[in-house]
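Welcome! Open your viewer, get your selection tool ready, and follow along one stop at a time.

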Amino acid sequence: MLPLNAETLRQLPAGLAVPSYDRGALSTGIVHFGVGGFHRAHQAMYLDRLMNEGKALDWAICGVGVMPGDRRMQQVLDAQNGLYTLVVKAPDGTLEARVIGSIKEYLFAPDDPDAVIEKMASPEVRIVSLTVTEGGYNFNAVTGEFMADNKDVQHDLAMPNQPRTTFGLITAAIERRRERGLPPFTIMSCDNIQGNGDAARRSFVAFAALRGGDLAAYVESSVLFPNSMVDRITPVTTDDDRAEVGKHFGVEDGWPVVCEPFTQWALEDSFGNGRPPWEDAGVQVVPDVEPYELMKLRLLNASHQALCYFGYLSGYRLVHDVARDPAFAKFLLAYMEKEAEPTLEPVPGIDLREYQHQLIDRFSNAQVKDTVARLCAESSDRIPKWLLPVIRHNLDAGGDIILSTAVVASWARYDEGVDEEGEPIEIVDRLRDKLNAAALRQREEPLAFIEDREVFGDLIESERFVSAYRSVLSSLHSRGAKATLEALVSGSL
């Protein structure tokens, strides 16, 4: 079995597609923060498609890691010269794999922040892109205000030449380019946030304002932040995935990526310093992304939340097992049709009912082996952005809210930290301690969980929401998750 790197690339088995282009001829045009599985299954893949057509060779990626956990990615990509195997798993078990070569280099910011700043300040870099998770933009989920008291933000304000945060690094590079008379790069968010480009703009302008002077005005007036919608289910890579790549394709890859066949990227055409011809690789470059992003956030992402807590409490650990349960499929379709779809405008080129049924099929793909636990993580960042807007819209419009409110209640029950068999649940959330403490009080104080205004805003003041929430939470405690879900589907709750 051959290790994957530049030297072995032309020796790999014939059944494994490899880059047809000369990677030595690539130049870096994009610096990307947050090189995880999704970025490598999505943005890097689209660039690799273009490069295999002889295009975008001056748009290679320099990955950047900021968090301590990114050290491992640096080590693997350095050892493999930026190469990795992307394995697409079809529902029938078919595997389609190719080696992706669009990542040219990788920098670990804690080792040398100035090297990262200097890379972004170089003239050939024209886009800085982000997949830093929903919580990475450092704004309060309810108020939308930038959280200036964040300790790392405070560090960067005190020591701007040794930044720790994405904000500090990128802002320093904007300053350096400005001093050198270079045009600013475009900042392109690829995170699951409504108006992700607008959210990025707010955060970077707010950080620049804290730095003082006219920097905030310059960022607001001169830097472009296109909105985008990104979609591809990409589970966490496991040791079994590594072994499977070795068994089927004869290559030793320290960090392959597995994903579903479906992929979509709708991108606002708003770039100040050029961009790759992404439309030639299947990207939908459009004037307005909002209809696409709301469709995805409120149907796909919110449905993931709808299945994960109920699913975990019902004993399921893999997403496809949940989606193949008829009761869960009915619940998800009912949520999408009755509560999510009424909040959406028509989406150009998309049949929303067909899209909803396609989602059930995608969730049911047993080959992907996506975990329920992955979907349950970081809920306090996800639910306020994906699900609560559906509830608020329907409260204002007089629409149905029982199913989306049930998802909130299932999250509250999950955050008690013990499943229905008495086994402990590992809660992965930045607000874990506070949420767990509130959830543990809710059998005596049923509204304890939703009283948190940092997460839920003023929903506690809605009698209709509170009544629905009380009813579902009581059922979860008395009847359990599966029986509660069945009652919701039948309309008896």
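Leaving aside its neighbours within four places in sequence, which residues is glutamine 74 in contact with? Select glutamine 74 and look around: the residues in contact with it are Tyr106, Phe108 and Asp111. Keep in mind as you explore that this is a predicted model. Glutamine 74 belongs to helix α3, residues 71-79. With a relative accessible area of 13%, glutamine 74 is buried, because buried means under 20%.

**Stop 1: two spans from a record**

Colour residues 29-279 in one shade. An unreviewed UniProt entry lists them as "domain: Mannitol dehydrogenase N-terminal". This span is 36% helix and 20% strand, and 17 Å separates its end C-alpha atoms.

Now pick another shade for residues 288-472, which UniProt lists, again in an unreviewed entry, as "domain: Mannitol dehydrogenase C-terminal". Here you will find 63% helix and 0% strand, with the end C-alpha atoms 38 Å apart.

**Stop 2: arginine 126**

Select arginine 126, in the loop that runs between α4 (113-121) and β7 (127-130). Is arginine 126 buried or exposed? Its relative accessibility is 16%, so arginine 126 counts as buried. Show its side chain and you can follow it to the backbone oxygen of aspartate 58, at 2.8 Å. Beyond its neighbours within four places in sequence, arginine 126 is in contact with Gly29, Asp58, Trp59, Phe185, Thr186 and Asn273.

**Stop 3: two backbone surprises**

Most residues other than glycine have a negative phi. Go to threonine 133, in the loop between β7 and α5 (151-158). Threonine 133 is not a glycine, yet its phi is positive, about 75 degrees. With a relative accessible area of 47%, threonine 133 is partly exposed.

Then jump to glutamate 378, in the loop between α14 (372-376) and α15 (379-386). Glutamate 378 is not a glycine either, and its phi is positive at about 55 degrees. A relative accessible area of 26% makes glutamate 378 partly exposed.

**Stop 4: helix α17**

Select residues 402-414, which form helix α17. You can try a little check here. At 1.5 Å a residue, the 13 residues of α17 should span 18 Å, because the expected span uses one less than the number of residues. The end C-alpha atoms are indeed 18 Å apart, which agrees.

How many of the 13 residues of α17 are buried? Twelve are, so the helix is largely enclosed by the rest of the structure. Among these buried residues are Leu403, Val408, Trp411 and Tyr414.

**Stop 5: the nonpolar cores**

Keep Val408 highlighted and add Leu299, Phe310, Phe331, Phe363, Phe449 and Tyr469. Of the 79 residues in the largest nonpolar core, these seven, Val408 included, touch the most other members. Helix α10 supplies the largest share of this core, 14 residues. There is also a second, separate core of 38 residues, which includes Phe33, Leu169, Phe207 and Ala216.

Zoom in on tyrosine 469. Leaving aside neighbours within four places in sequence, its contacts include Thr405, Val408, Ala409 and Ala412, and also Gln442, Pro446, Leu447, Phe449 and Ile450.

**Stop 6: helix α21**

Next, select residues 481-490, helix α21, and highlight its buried residues: Ala481, Thr484, Leu485, Ala487 and Leu488. They cover an arc of only 160 degrees around the axis, which puts them on the same side of α21. What do these buried residues pack against? They pack against α10 (290-313), α12 (326-340), α17 and α20 (463-479). Step past the end of α21 and you reach glycine 491, whose phi is positive, near 85 degrees.

**Stop 7: aspartate 325**

Finish at aspartate 325, in the loop between α11 (319-323) and α12. Its relative accessibility of 8% means that aspartate 325 counts as buried. Not counting residues up to four places away in sequence, aspartate 325 touches Tyr316 and Lys482. A polar contact of 2.9 Å joins its side chain to that of lysine 482. The side chain of aspartate 325 also reaches the backbone nitrogen of alanine 327, at 2.9 Å. For a last look, select glycine 311, 14 residues away along the chain: its C-alpha atom and that of aspartate 325 are separated by 9.7 Å.

Key: Residues are numbered from 1 along each chain as its sequence is written. This is a predicted model: local features need pLDDT of at least 70, side-chain atom pairs count only at pLDDT 80 or more; totals for chains, interfaces and linings use all residues. Side-chain values use heavy atoms; hydrogens and water are left out. Helices (H or I, at least four residues) and strands (E, at least two) are DSSP runs, numbered from the N terminus. Buried means under 20% relative accessible area, exposed over 50%, partly exposed in between (1.4 Å probe, protein chains only). The arc is that of the directions from the helix axis to the C-beta atoms. Contact means heavy atoms within 4.5 Å. A nonpolar core is a set of buried Ala, Val, Leu, Ile, Met, Phe, Trp, Tyr and Cys residues joined through side-chain atoms within 4.5 Å. A polar contact is a pair of N or O atoms within 3.5 Å; within protein, one must be able to donate a hydrogen and the other to accept it, and residues adjacent in sequence count only if both atoms are side-chain atoms. UniProt positions are given in the numbering used here, feature names are shortened, and annotations may be inferred rather than shown by experiment.
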